[in-house]
Amino acid sequence: MVLVELPEWAALAPMLLLAGTALALFVIDSISPRSTNRTILAGTATAGSLAALAVAVWFTAAGVGAPGMDGFGVIELFDGQLIVDQMALYFMIVVAVVTALVSVASYDYMEGHAYQAEYYSLVMLAATGMATMAAANSLVTIFIALELASLPSYALVSILKDNRGSVEAGLKYFLVGALSSAIFVYGISLVYGATGFLQLDAIAVELEALAAGDGGDFGGLLGLGILMLIGGFAFKTASVPFHFWAPEAYEGAPAPISAFLSSASKAAGFVIAFRVFTTAFPLDVTTELIGVDWTVAFVILAVVTMTVGNFAAATQDNVKRMLAYSSIGHAGYALIGLAGLGAGSETVMGAAMMHLLVYGFMNTGAFLFVGLAEHWGVGRTFEDYNGLAKQAPIACAALAVFMFSLAGIPPFGGFFSKYFLFTGAIEAGLLVVAAALVVNSALSLYYYARLVKAVWIDDPVVERDSLSQPTGLYAAIVFAAVMTVVLLPGFGPVVDTALDAAAVVVA
Amino acid sequence: MMIEALIGVALIGALVTFLAPNRIAGKLAFAISLIPAALSLWMFATFDGSGNALLGGELAFESQAEWIQFGAYAISWFVGLDGISLPLVVLTTILVSLAIVSSWTPIDDRESQFYGLVLFIEANLIGVFVALDFFLWFIFWEAVLIPMYLLIGIWGGPRRKYAAIKFFVYTNVASLLMFGAFIALVFGLGDAVTSFALPEITAAMLDGGPDGFFGVGGTTLMSAVFVAMFIGFAVKVPVVPFHTWLPDAHVEAPTPASVLLAGILLKMGTYALLRFNFTMFPTDVIEPFVVPIAVIAVISVIYGAMLALAQTDLKRIVAYSSVSSMGYVILGLIAFTQFGVGGATFQMVSHGLISGLMFMAVGVIYNATHTRMVTDMSGMADRMPVAVGILIAGAFGYMGLPLMSGFAAEYFIFFGAFGSEFLEYAPIFTALAMFGIVVVAGYLLFAMQRAVFGPYNLETDYDVRRAPLHDVAPMFVLLGLIIALGVAPDLIFEMITDAVDPILEGGEL
């Protein structure tokens, strides 16, 4: 019994809340320009993202967007340009969580920075873009959302204007981003040329009609278009072949922004990949038209991406770069979700979604720890981190949780999501991918454990005085660690939600 | 809910201790560890289970709750105790309490972290012995590694980093092998199982087994999985040739960690061998491997003892003799008789107590002298009569002095192994293994004679004096338990055999 009938667009509330927070920050900035009142600014950003998170969780629990629910069902808005289903809400949760963590951590990290209000409003705008990506259901809205997420990100990466590394990283990120955007939009135009539609469901209908008819003469065109779309996704998710911006950008950017990009932005990149390939390009029809099974592309990308990421990470001496390459490796793991779709089962995609959620906590937490280390000014290499546990046992315990979870060792959330990816790959018959996953996970333990060893076991190279305990960073790190641990016993609901969401999209 | 309380107290205690100030951490951890110890003793007193947990026995303190449903398989929180796991749980809780007391003297840096990790290990060790769902079990199994790695790596001796990483890599690779093999087995079973509950998997295994997996036939799959899991657990036990991590880890680990490592962590391996390899698999799968495993067991016994004979570091002597003792356990298991398997389980408990005692005694001597080299010491009995007396008592326990638990355990094993019909040439294997005892007596008496007796002579700047009471008290408790089990083995042997018998009968054996 619903007392007040909400309008359909209310289903977009998480996204609207993020956008509203960005606007509220603008208002604050216009009332009090150059304000450095961090409590109000970071507080607004945190409150906004937490509100978005709460609404998204509530909607998910209430069954908004779930088929078969009375009066709900999958909600399509603006002629199907936007869609609110369980997958959209799921990824809005991921984005909102990471945004909240980043906002809290930035309270300390951006202390003393001149452009406080701009920083937080850019974060919120990028988060709005990512949330829109989760709901976008047409190639045009996808592109707009992608740009909405990307443009603030470029500025955020280079926001430390006096820091050469930050500016250089921003420029590299922008150049690669502009190039991949161009490729992506070109891909869109080719798909449009082949089918005459931009809305994803309409593309699928048209493709079926083409396959049922003479097949059309546009198979090659369509194939090329899809290939270029994959390029766009690869950029956003930091996968091979558009991964090389990631180490530079993550290293140069302020650590909370590295966390933001490597967790939320990656997840958002994956949601459009999931949606476009399951909705617009049904596997059998597309294969018939272009003559190639597009999962093959993702099988190759998955294996290459995880291997490149892990091998490169193993050779790093700089902690932030190691995390950047590890983030590429994890993009490879999540790509299994698309590579395994050939078997027609949604479980493997659900597993990838679970991995992205857990990753949202453990990877964000790891980057925020780097932010904490930068806040302390201890240096950037593994050696500089030596012996930190003596002064900061709690933060270092959290770091150990993140590292072992990233490596996929029990008893942390990363173990389950990786295991489910593994079984998903096996069920899909992708033994090579499953083997690559195991080998890479085993390899990754080497460099993750190296960081744990540095902070816990090795003796410090230089004697340090006691380290400060910045409230915001500590709160964010501890919360992320607690969630990484809690996601082990509490993985049941995540599995159900992710599998339900994936089932709707795949069907 | 008793088991949840047991694990929960240890986990929360670990967190509280981790956050407590260093000054009170040791006492606090001890106080907290008394709660699981008391609870487990109460469970021991009120134990009402019967039969084997995996073979449809009546479980004590059982509890089950749905956890995750992924694909065709359910993962659940499923715990319970039978006559095999209960003694090991009691051993764990008691040994952890005593190990905490024995750390008060040697641990003087980052105490709250140390004791927090010890309690965290305790929670996971209990979990390993009570879990009856494969996933749950595996999570506890793996979760033991991380704190032990840190205990060795942070508080260990001079070569602690090498020892810690070696321990971690060896056991983790072994776990990965075992995990992969078991998952393949479960997938191979197909529709016959719908969950990872061990009793269900056991039933499916004994009722025809898997059809095959990715083109591998059912029998081949079972044999391959059996071997892979045996290797995976053999590293943990350890048996020759997978034992090389053990002396490094034991020697470099701080005394309390050595106590836990030898006392309980090694038992995880033998316990898992008993639960998985020797309970789940039908006899015809095991049969081709019986003689090779017996050979490995005997080699472990003799070679481990020989290695101990060659050492001059007291801690290394005790460490290598663990390899030897674990060889007896394997021999008992493969004999497949009531006394063999039951004796092996009894030996797990007995060796946990005796090796714990030995490591503590060596640790107390080291605290005073800062050396463990037999060649440096002479006439220690003169200065530390009580600690040395206990060391000698422990050594005699190791040698199998009647009325101590070591004697009962080894007697059961030899008795069970000698008459085994399952193991070919059983009398020869048993006779060879018995020869190990002679070597044990040799190296222990040799070490005692040199270090303990004769005129006092030790070149050291330290003032060697009697050990404080809180160093000696835990050893007396252990000695009491060793003698109690030696005088009345039926205290636990009865419930052990009750749980072992179904393996020998029900499992088509």
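These legends accompany close-up views of a predicted model with chains A and B.

**View 1. Chain A as a whole.**
Chain A holds 20 helices and 2 strands. Its C-alpha atoms fill a box of roughly 75 × 55 × 45 Å along the principal axes. For 507 residues, a compact globule would have a radius of gyration near 23 Å; the value for chain A is 22 Å, which agrees. Of these 507 residues, 62% count as buried. Contacts in chain A reach across the sequence: among those between residues at least 6 apart, 80% join residues at least 24 apart.

**View 2. Helix 4 of chain A, residues 116-135.**
Does the span of this helix agree or disagree with its length? At 1.5 Å a residue, its 20 residues should span 28 Å. The end C-alpha atoms lie 29 Å apart, so the two values agree. As for surroundings, 19 of the 20 residues of helix 4 of chain A are buried. The helix is therefore largely enclosed by the rest of the structure.

**View 3. The largest nonpolar core, with Ile336(A) picked out.**
This core has 442 residues. Those with the most contacts inside it are Met92(A), Val95(A), Ile336(A), Leu368(A), Met403(A) and Leu331(B). What surrounds Ile336(A), leaving aside neighbours within four places in sequence? Its contacts are Ala302(A), Val348(A), Ala352(A), Leu421(A), Gly424(A), Ala425(A), Val433(A) and Leu437(A).

**View 4. Ala297(A) on helix 12 of chain A.**
Ala297(A) belongs to helix 12, which covers residues 294-314 of chain A. Ala297(A) has 17 other C-beta atoms within 10 Å, so it counts as partly exposed; buried would take 20 or more. Leu338(A) is 41 residues away in sequence. In space, the C-alpha atoms of Ala297(A) and Leu338(A) are 9.5 Å apart.

**View 5. Asp79(A), a positive phi outside glycine.**
The phi angle of Asp79(A) is near 55°. Where does Asp79(A) sit? It lies in the loop between strand 1 (75-77) and strand 2 (82-84) of chain A. Asp79(A) counts as exposed because it has 10 C-beta neighbours inside 10 Å, and the cut-off for exposed is 12 or fewer.

**View 6. Leu403(B), a positive phi in chain B.**
Leu403(B) is not a glycine, yet its phi is about 75°. Its loop runs between helix 17 (385-399) and helix 18 (405-418) of chain B. With 13 C-beta neighbours inside 10 Å, Leu403(B) is partly exposed.

**View 7. Cis peptide bonds at Pro241(A) and Pro241(B).**
In chain A, the cis bond joins Val240(A) and Pro241(A), with omega about 5°. Pro241(A) is in the loop between helix 8 (219-237) and helix 9 (245-252) of chain A. In chain B, the cis bond joins Val240(B) and Pro241(B), with omega about 10°. Pro241(B) is in the loop between helix 9 (218-236) and helix 10 (245-252) of chain B.

**View 8. The side of chain B that touches chain A.**
Here 21 residues of chain B are in contact with 20 residues of chain A. Which elements of chain B give two or more residues to this side? They are strand 1 (60-70), helix 5 (134-143), helix 6 (145-155) and helix 7 (160-189). Helix 7 of chain B gives the most, with 5 residues. By class, the chain B side divides into 13 nonpolar, 5 polar and 3 charged residues.

**View 9. An annotated stretch of chain B, residues 131-426.**
An unreviewed UniProt entry places the feature "domain: NADH:quinone oxidoreductase/Mrp antiporter transmembrane" at these residues. Over residues 131-426, chain B is 76% helix and 1% strand. The end C-alpha atoms of the stretch are 33 Å apart.

**View 10. Gly454(B) and its surroundings.**
Gly454(B) lies in the loop between helix 19 (426-451) and helix 20 (469-487) of chain B. Not counting residues up to four places away in sequence, Gly454(B) touches Ser378(B) and Gly379(B). With 14 other C-beta atoms within 10 Å, Gly454(B) is partly exposed. Thr219(B) is 235 residues from Gly454(B) in sequence. The C-alpha atoms of Gly454(B) and Thr219(B) are 61 Å apart in space.

Methods. Residues numbered from 1 in each chain as written. Chains lettered and ligands numbered in written order. Predicted model: local features only at pLDDT ≥ 70, side-chain atom pairs only at ≥ 80, totals over all residues. Helix = DSSP H or I, 4+ residues; strand = E, 2+ residues; numbered from the N terminus. Contact = placed C-beta atoms within 7 Å. Nonpolar A, V, L, I, M, F, W, Y, C, P; charged D, E, K, R; others polar. Expected span 1.5 Å × (residues − 1). UniProt positions renumbered as here; feature names shortened; annotations may be inferred. Core = buried A, V, L, I, M, F, W, Y, C linked by C-beta atoms within 7 Å. Rg over C-alpha atoms; globule rule 2.2 N^0.38 Å.
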